[in-house]
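Good morning, everyone, and thank you for making the time. I would like to walk you through a structure that you may not have seen before, so please have a look at it while I talk.

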Amino acid sequence: MTRRTAVAAVMGCVVLAAASCAGPERPTATADGKDAASTSASPAPSATAPPTVDDAVAAARERMTAAATGRDAPGPEGLLVAAESAGGALYVWESSDGRFCHGTATGVGMTSVACFTRPHTPPVGKEPRLVPLVRMMATGWNVVFGAEHETVESVTCDGVPVRVKDVGVMADGRRSVHAVEFPDLTLGTVSVRVRRGSRVVTETLALETFAKKDAARFASCGEPTS
């Protein structure tokens with residue numbers, strides 16, 4: 001081999017890899033006597049399954065119970081679920097002294113509680129009517145309302161049926177509580193079909209009452225409220 005040929009061979013070993021010139025690599029023995037090259041890798045841990053709605057509501061209930069304390073703690077009827085999702089829940093309840101309260105709890109631990117300062121607010125009326133109770137963004141755009149001296153049969157938005165959740169009863173059974181939900185802030189009014197004895201009538205319920213800018217950006221139902 002000439003000097004030029006020897007230099008080229010050495011340079012080739014440096015560029016490619018030491019193993020290509022040193023021959024086949026010996027397997028390294030492990031403590032248990034097995035070759036490292038022959039051991040199999042441990043399986044990757046499986047991904048954690050996302051929480052179900054039931055799991056989220058149960059966790060939210062625990063947080064809500066811990067947050068609603070003292071005068072604002074739920075009375076004998078406990079917490080009523082007005083809306084629920086995998087991210088948390090919206091609850092309504094009456095305190096022991098008859099005040100209406102509502103609160104939210106999320107999967108990340110955030111909670112909010114709000115209660116009327118006086119018992120039996122709003123008071124139960126003498127005539128059939130719908131009573132707005134909560135309008136807020138929780139699991140969507142959530143509207144909770146009561147019905148007095150009448151039974152809610154259905155809700156529609158421009159003739160399209162809207163799912164109604166029967167939440168429970170309050171005010172010593174004189175007010176049934178219901179809820180509707182939209183994916184995002186929705187303006188206007190919905191039509192509520194109610195039964196009063198043998199008669200069936202249609203009432204309107206406002207989905208919001210605040211002043212709005214750029215109203216055209218939002219979904220709407222029925223007639224504008226302002």
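I will begin with the whole chain, then turn to one helix and a pair of strands, and finish with three single residues.

Please keep in mind throughout that this is a predicted model. The protein chain has three helices and 13 strands, and of its 226 residues, 31% are buried. The chain exposes about 13900 Å², of which carbon and sulfur atoms supply 56%. If we take the contacts in the chain with a separation of 6 or more, 52% of them are between residues 24 or more positions apart.

Let me now move to helix α3, which covers residues 53-67. This helix has 15 residues, and from its first C-alpha to its last it reaches 21 Å, which is close to the 21 Å expected at 1.5 Å a residue. Which residues of α3 are buried? They are Ala56, Val57, Ala60 and Met64, and, seen down the axis of α3, these buried residues fall within an arc of 95°, so they line one face of the helix. The general background is that an α-helix has 3.6 residues a turn, so residues three or four places apart point the same way. On the face of α3 turned away from its buried side we find the exposed residues Asp54, Glu62 and Ala66.

What do the buried residues of α3 pack against? Their partners are four strands, namely β1 (80-85), β2 (88-94), β3 (100-106) and β4 (111-115). Two of these strands deserve a closer look, since β1 and β2 run antiparallel and are joined by five bridges. The connection from β1 to β2 is a hairpin through two residues, and within this pairing valine 81 stands opposite tyrosine 91 in β2.

From here I turn to single residues, starting with threonine 189, which is found in strand β11 (residues 186-196). Is threonine 189 buried or exposed? Its relative accessible area is 16%, and because buried means under 20%, threonine 189 counts as buried. A polar atom of the threonine 189 side chain lies 3.3 Å from the backbone nitrogen of glutamate 223. If we do not count residues up to four places away in sequence, threonine 189 touches a set of residues including Thr204, Ala206, Gly222, Glu223 and Thr225.

The second residue is phenylalanine 182, found in strand β10 (residues 175-182), and this residue is also buried, with a relative accessible area of 10%. Leaving aside neighbours within four places in sequence, phenylalanine 182 is in contact with Gly140, Trp141, Val162, Val190, Leu207 and Cys221. Along the chain, phenylalanine 182 and alanine 219 are 37 residues apart, while their C-alpha atoms are separated by 9.3 Å.

The last residue is proline 128, which is found in the loop between β4 and β5 (129-137). At 27% relative accessibility, proline 128 counts as partly exposed. Proline 128 is 67 residues from arginine 195 in sequence, and yet the two are 9.8 Å apart in space, C-alpha to C-alpha. With neighbours within four places in sequence left aside, the contacts of proline 128 are Glu148, His149, Glu150 and Arg196.

That is where I will stop, and I am happy to go back to any of these places in the model.

How values were computed:
Residues are numbered from 1 along each chain as its sequence is written. This is a predicted model: local features need pLDDT of at least 70, side-chain atom pairs count only at pLDDT 80 or more; totals for chains, interfaces and linings use all residues. Side-chain values use heavy atoms; hydrogens and water are left out. The expected span of a helix is 1.5 Å times one less than its number of residues. Buried means under 20% relative accessible area, exposed over 50%, partly exposed in between (1.4 Å probe, protein chains only). The arc is that of the directions from the helix axis to the C-beta atoms. Contact means heavy atoms within 4.5 Å. A polar contact is a pair of N or O atoms within 3.5 Å; within protein, one must be able to donate a hydrogen and the other to accept it, and residues adjacent in sequence count only if both atoms are side-chain atoms. Accessible areas come from the Shrake-Rupley method with a 1.4 Å probe; for residues, only the protein chains shown count as cover. Two strands pair if DSSP finds at least two bridges between them.
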